[in-house]
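Please look over the sequence and the structure shown here before turning to the report.

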Amino acid sequence: MASPNPDLPRPAPAPTDDPDALRARLPYRPCVGIMLINRAGLVFVGQRIDTQVDAWQMPQGGIDPGESADEAAHRELLEEVGTDEVAVLSRTRDWLSYDLPDSLLGRVWGGRYRGQRQHWYAMRLTGAEERIDIATDHPEFEDWTWVEAPRLPALAIPFKRRVYEQVVAELGHLAQPLRT
């Protein structure tokens, strides 16, 4: 019997009072994340619309069935930032993952995932910064700014900080100003 494809959506599990048991049964949601770097070597971060927490994040999102991680990264960037005028600099060697906190487990993504496993991309913005427009068809950010790469983990929501530390460790050296 073939094993189920972990990348396809699954029905939400039955509710449980034991978050560890629920987490053990759920897969990770396959996703991408983008460290978008401008000409000055700073990284794009946005403040999510759907949270009251003072946390900022880089663009990220799910990989659709039949879509490659590279395709998803460009699509997510266009959907969240309004432009995909970029050059890909690098990608993380391995998947990076995080678990949802107990308070979100079973509530987000239809309760089908324990967290996300992500391939992260470092991309250089090649278009004009004025082309960035977070007022997209389905906006995710209410505000955005550029920050130095080492600041990223401190700005992230606590359950994503370890992943942001890994992204900075592996890709942060690419966040350098362009020489003219």
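The report below takes up one strand with its pairing partners, and then one helix with its packing.

## Strand β7 and its partners

In this predicted model, strand β7 spans residues 115-125 and is mostly covered, with 10 of its 11 residues buried. Its pairing with strand β1, which covers residues 28-37, is parallel and runs over 10 bridges; within that pairing, Met35 stands opposite Ala122 of β7.

Two further strands pair with β7 in the antiparallel sense: β5, formed by residues 86-91, does so over five bridges, and β6, formed by residues 96-99, does so over four bridges. Val88 stands opposite Met123 in β7, whereas Asp99 stands opposite Gly115 in β7.

## Helix α2: span and end

Helix α2 comprises the 13 residues 69-81, and the distance from its first C-alpha to its last is 17 Å, close to the 18 Å expected at 1.5 Å a residue. The residue that follows α2 is Gly82, whose phi is positive, near 85°.

## Helix α2: buried residues and packing

The buried residues of α2 are Ala69, Ala72, Ala73, Arg75, Glu76, Leu77, Glu80 and Val81, a list in which the charged side chains of Arg75, Glu76 and Glu80 appear beside Leu77 and Val81. An α-helix has 3.6 residues a turn, so residues three or four places apart point the same way.

These buried residues of α2 pack against β7, and also against β1, β5, β2 (43-48), β4 (60-62) and β8 (141-147). The helix thereby touches β7 as well as β1 and β5, two strands that pair with β7 in the parallel sense and the antiparallel sense respectively.

Technical notes: Residues are numbered from 1 along each chain as its sequence is written. This is a predicted model: local features need pLDDT of at least 70, side-chain atom pairs count only at pLDDT 80 or more; totals for chains, interfaces and linings use all residues. Side-chain values use heavy atoms; hydrogens and water are left out. Buried means under 20% relative accessible area, exposed over 50%, partly exposed in between (1.4 Å probe, protein chains only). Two strands pair if DSSP finds at least two bridges between them. The expected span of a helix is 1.5 Å times one less than its number of residues. Contact means heavy atoms within 4.5 Å.
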